[in-house]
2 protein chains.
Amino acid sequence: MAGPAIILVEPQLGENIGMVARAMLNCGLTELRLVRPRDGWPSDPARAGAAGADSVIDGASLYDTTAEAIADIGAVYATTVRPRDMTKRIVTPRRAAAEMRPLEAAGTRTGLLFGKEAVGLDNDDVALADAVLTVPVNAEFSSLNLAHAVYAASYEWFLAADKTPAQQLRISKEARPANKRELIALFEHLERELDAVGFMHVEEKRPIMIRNIRNIFQRASLTNQEVRTLRGVITSLTKKSGS
Amino acid sequence: MAGPAIILVEPQLGENIGMVARAMLNCGLTELRLVRPRDGWPSDPARAGAAGADSVIDGASLYDTTAEAIADIGAVYATTVRPRDMTKRIVTPRRAAAEMRPLEAAGTRTGLLFGKEAVGLDNDDVALADAVLTVPVNAEFSSLNLAHAVYAASYEWFLAADKTPAQQLRISKEARPANKRELIALFEHLERELDAVGFMHVEEKRPIMIRNIRNIFQRASLTNQEVRTLRGVITSLTKKSGS
């Protein structure tokens with residue numbers, strides 16, 4: 001599945017085209033189409049801005065008109081933050097991604113259309129699109145960098161199929177989550193030493209203190225290695241205090 | 001609710017700091033903290049790159065160490081794509097936003113920590129953080145522009161409270177969705193004219209053709225104005241063919 005083509009209409013700065021290419025490839029998109037880039041093509045600033053996304057730069061194709069650039073595309077989203085005096089469906093980047101995924105999977109090409117920096121798309125280009133894609137943005141400061149607008153749409157495309165868990169515990173090499181036997185042995189080691197120095201001398205508070213301390217270490221999601229480290233810490237602290 | 005502070009550790013290019021400021025304000029974030037910016041501060045390239053986000057640039061604060069920059073913060077997320085040989089919780093930007101919203105609402109300051117361009121955060125800075133934030137990215141081209149990394153996290157922060165509907169029909173001024181009376185009158189007008197020119201001359205196919213044509217215009221979600229436009233189109237087409 002190719003993913004949407006990114007179509008830039010009259011982009012001005014080569015560096016911005018490069019940053020767009022980089023953002024695209026970060027999100028697995030490779031097809032860049034340029035309509036009348038102001039400073040010509042190829043572009044050294046574009047290659048520099050791409051920071052290694054050379055395959056996108058090398059594969060970019062040039063067009064004289066927006067109509068030619070989208071000729072083979074079945075669903076085009078025109079990206080703009082400006083309200084237009086026209087009747088059009090408006091979607092978020094997330095919604096657009098959810099719509100484009102099944103289309104691309106079924107073999108219908110999709111495309112995201114972006115206008116020139118600061119100015120955006122003209123109404124004739126917007127009229128060629130199936131829907132307007134508007135990136136949600138602070139209403140009091142709504143002018144997005146061109147590459148950021150491309151990135152928002154590309155990021156949602158990528159995320160729509162990304163399997164990264166919302167959260168995970170990354171474990172350092174040669175370690176694994178501690179099991180309860182190891183944890184309880186740590187707790188008992190610590191509590192033995194605390195009893196020895198009289199830390200829990202008020203007998204009726206002892207169960208609460210033990211629970212509080214156990215909860216601290218429980219919450220830390222310790223590895224077996226970290227349990228060994230902490231037992232070493234306790235051992236050397238008690239050696240010192242006993243010497 | 002202030003939203004997370006954005007903390008850049010040893011940023012190199014002023015222009016990147018500016019693009020970070022712009023991306024922040026696009027997402028309603030205003031608090032920028034800089035730890036040892038390479039080219040000093042204030043910075044003309046930063047102001048230029050901010051493209052109007054002057055309030056963020058003017059309000060930026062400077063620190064000598066990461067520890068000082070995060071001293072008042074209760075929950076710090078270290079943004080990095082590099083796996084580290086340490087045990088740490090890893091979260092997506094969306095998950096981080098979902099965690100930070102209730103913290104900020106309860107008065108706990110939050111912060112997003114970013115390392116220098118191309119290099120990222122060092123392990124000592126990561127060790128100060130509560131969790132690692134990793135922006136999901138194409139594994140074969142994973143180096144994110146600094147401002148894009150900030151934007152991904154800021155965008156998710158903004159979206160977590162944004163009420164924009166996933167899709168909506170934007171209606172041009174002085175128009176409203178057509179009601180069914182107007183639509184049916186349009187259908188009947190068209191069908192009358194098609195009958196008159198013999199377009200639907202095979203009687204048994206007539207109901208299917210009518211349904212197909214009605215579905216086309218139904219799907220277009222027409223406004224009352226557009227219904228008038230289409231009726232004018234039909235009237236003038238039939239005038240021409242009859243002259």
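Okay, a definition before anything else: when I say helix or strand, I mean DSSP runs, H or I of at least four residues for helices and E of at least two for strands, numbered from the N terminus. With that in place, Glu10(A) is in the loop between E1 and H1 of chain A. Its phi is near 50°, which is a positive value in a residue other than glycine.

Some housekeeping. This is a predicted model, so local features need pLDDT of at least 70 and side-chain atom pairs count only at pLDDT 80 or more, while totals for chains, interfaces and linings use all residues. Residues are numbered from 1 along each chain as its sequence is written, chains are lettered from A and ligands numbered from 1 in the order in which they are written, and side-chain values use heavy atoms, with hydrogens and water left out.

Back to Glu10(A) for a second. It counts as partly exposed at 24% relative accessibility; for us, buried is under 20% relative accessible area, exposed is over 50%, and partly exposed is in between, with a 1.4 Å probe and protein chains only. There's a positive phi in chain B too: Ala118(B), near 70°, and again not a glycine. Ala118(B) sits in the loop between strand E6 (110–114) and helix H6 (123–127) of chain B, and at 72% relative accessibility it is exposed.

While we're on backbone: Trp41(A) and Pro42(A) are joined by a cis peptide bond, with omega about 5°. Pro42(A) is in the loop between E2 and helix H2 (44–50) of chain A. Chain B has a cis bond between Trp41(B) and Pro42(B), omega also about 5°.

Now, strand E1 of chain A, residues 5–9. How many of its residues are buried? Five of five. Both faces are covered, with Ala5(A), Ile7(A) and Val9(A) on one side and Ile6(A) and Leu8(A) on the other. As for neighbours, strands pair here if DSSP finds at least two bridges between them. E1(A) runs parallel to E6(A) over four bridges, with Ile7(A) partnered by Leu113(A). E1(A) is also parallel to E2(A), again through four bridges, and there Ile6(A) has Leu32(A) as its partner.

Next, charges. A salt bridge is a side-chain nitrogen of Lys or Arg within 4 Å of a carboxyl oxygen of Asp or Glu, and the whole structure has 32 of them over all chains. Take Arg33(A) with Asp72(A), where the closest N and O atoms are 2.8 Å apart. Arg33(A) is in strand E2 (32–35) and Asp72(A) in the loop between helix H4 (66–69) and strand E4 (75–79) of chain A, so this pair ties together parts that are 39 residues apart in sequence. Is each partner buried or exposed? Arg33(A) is buried, at 3% relative accessible area, whereas Asp72(A) is partly exposed at 46%.

That pair belongs to a salt-bridge network of Glu31(A), Arg33(A), Asp72(A), Glu104(A) and Arg109(A). Within the network, Glu104(A) and Arg109(A) meet at 3.4 Å, N to O, and both are buried. Arg109(A) is in the loop between H5 and strand E6 (110–114) of chain A. Its side chain also makes a polar contact with that of Glu31(A) at 2.9 Å. By polar contact I mean a pair of N or O atoms within 3.5 Å; within protein, one must be able to donate a hydrogen and the other to accept it, and residues adjacent in sequence count only if both atoms are side-chain atoms.

Last part, the interface. Chain A and chain B each put 57 residues into the contact, contact being heavy atoms within 4.5 Å. Together they bury about 4800 Å², 54% of it on carbon and sulfur atoms; that's the accessible area, 1.4 Å probe, that two parts lose on being put together, summed over both. Thr87(A), Phe141(A) and Arg170(A) supply 16% of what chain A buries there, more than any other three residues.

Two salt bridges span the chains, one of them Glu156(A) with Arg94(B) at 3.2 Å, N to O. There are also 26 residue pairs in polar contact across the interface, both residues at pLDDT 80 or more. On chain A's side, H7(A) gives the largest share, eight residues. And strands pair across the chains as well: E5(A) runs antiparallel to strand E8 (167–170) of chain B over four bridges, with Lys88(A) opposite Arg170(B).
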